[in-house]
Amino acid sequence: MRWTDKRKIFTPGDYNLPGGCKEFAQSPQALVFEDYVRIYFSTRQRDPKNGKFLSHIAYADFDKNFEKVLRISDKPIISLGGLGCFDEHGIFPFSPTKVGDKIYAYTCGWSRRVSVSVETSTGLAFSDDGGNTFKKYGTGPILTSSLHEPVLVGDSFVRQYNGLFHMWYIFGTGWLEADDSEPPARIYKIGYAVSKDGINWNKKEGKEIIENVLGENECQALPTVVEIAGRYHMYFCYRYPSDFRKNAARGYRLGYAYSDDLENWTRDDSNSGIQPSETGWDSEMMCYPNIFKCDDNVWLLYNGNEFGRHGFGVARLEQT
């Protein structure tokens, strides 16, 4: 894999985002239309009750070369959950896919906890108006913690292949105890599930499909998959479990794997073809990738330093 035309294309502070949000455009996820590309992302608003962040979904429409922003959503396109719901305190990420004349979106809902910071689950929403707004498929999640995946289910990425829906997602294996310098640290891995209808899922319960390179407590997040010439390619991000927020050597990097059957993957980070820049907005961190086809090109969206606080960028796969 070789990537070219690598550049930043969106800075949240340059636009009037819904709710007065000025920072964060996390987990950019593309949906390709006939004459433009819509990129959904999570931005953040301060909760007036306690000053903590709430993650909302917005979008930016681009021309197909990602040189011009055509329009910005003027309001959140999906509501957060009600009191006590799995997505009460945010949605991040938000992964859309076209299914017939509808658009399905798989949401990662966040809710705050007391002993640890957060719990997550996967929800589902539908759009009947071309992706401008989404209605939830009920108030609860379609995929959540279970016997062998006890915490932190989310980051669900879904595509249809061979007459089935295929999902790659993350599940938590547990939390590490806090120490004098760090709060409890969450550990999560990438899993796999299949479905006939995109709603009811058969998980490969507790199966880690991507091997670790940083030890058993490596954290893996946000898988994204594309098919090229009969082989499936996955990008994801990974990091150490602690001391990752300000220590660039332990922060997120992009990982790469390939597969011929969608379930069994060979990790090959050395051939990912993309690395942090020497200086600038993505020099300390690369995270939250989204790989997709647009006309004759394959593109990769991703966030940079500080988990997407300063926006997102793009790279184009070199044709071989």
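Q: Is K203 buried or exposed, and what is its relative accessible area?
A: This is a predicted model, in which local features need pLDDT of at least 70, side-chain atom pairs count only at pLDDT 80 or more, and totals for chains, interfaces and linings use all residues. Residues are numbered from 1 along each chain as its sequence is written, and side-chain values use heavy atoms, with hydrogens and water left out. Buried means under 20% relative accessible area, exposed over 50%, and partly exposed in between, with a 1.4 Å probe and protein chains only. K203 is therefore buried, its relative accessible area being 16%.

Q: In which strand is K203 placed?
A: Helices (H or I, at least four residues) and strands (E, at least two) are DSSP runs, numbered from the N terminus. The run that holds K203 covers residues 202–203 and is strand β13.

Q: Which side chains make polar contacts of 3.1 Å and 2.9 Å with the side chain of K203?
A: A polar contact is a pair of N or O atoms within 3.5 Å; within protein, one must be able to donate a hydrogen and the other to accept it, and residues adjacent in sequence count only if both atoms are side-chain atoms. The contact of 3.1 Å joins K203 to S146. The contact of 2.9 Å joins K203 to E149.

Q: Which residues are in contact with K203, leaving aside its neighbours within four places in sequence?
A: Contact means heavy atoms within 4.5 Å. Both polar partners of K203, S146 and E149, appear in this set. The full list is L143, T144, S146, E149, Y169, Y192 and A193.

Q: Where does T139 lie, and is T139 buried or exposed?
A: T139 belongs to the loop between β9 (135–136) and β10 (151–161). Its relative accessible area is 63%, over the 50% cut-off, so T139 is exposed.

Q: Which residues does T139 touch, not counting those up to four places away in sequence?
A: D87 is 52 residues from T139 in sequence, yet the two C-alpha atoms are 8.8 Å apart in space. The residues that T139 touches are C85 and F86.

Q: Which peptide bond is cis, with omega near 5°?
A: One residue of this bond, P93, is found in strand β6 (residues 91–99). The cis bond runs from F92 to P93.

Q: What is the phi of N162, and what is that of F307?
A: N162 is in the loop between β10 and β11 (164–176) and is exposed, with a relative accessible area of 69%. F307 is in helix α1 (residues 305–308) and is buried, with a relative accessible area of 16%. Neither N162 nor F307 is a glycine, yet both have a positive phi. The value is near 55° for N162 and about 60° for F307.

Q: Why is the chain said to be as compact as a globular protein of its length?
A: The chain has 1 helix and 20 strands. The globule rule, 2.2 Å times the number of residues to the power 0.38, gives 20 Å for 320 residues. The chain is as compact as such a protein because its radius of gyration, taken over C-alpha atoms, is close to that value, at 18 Å.

Q: What share of the 320 residues in the chain is buried?
A: The C-alpha trace spans about 50 × 45 × 40 Å along its principal axes. Among contacts with a separation of 6 or more, 53% are between residues 24 or more positions apart. The buried share is 55%.
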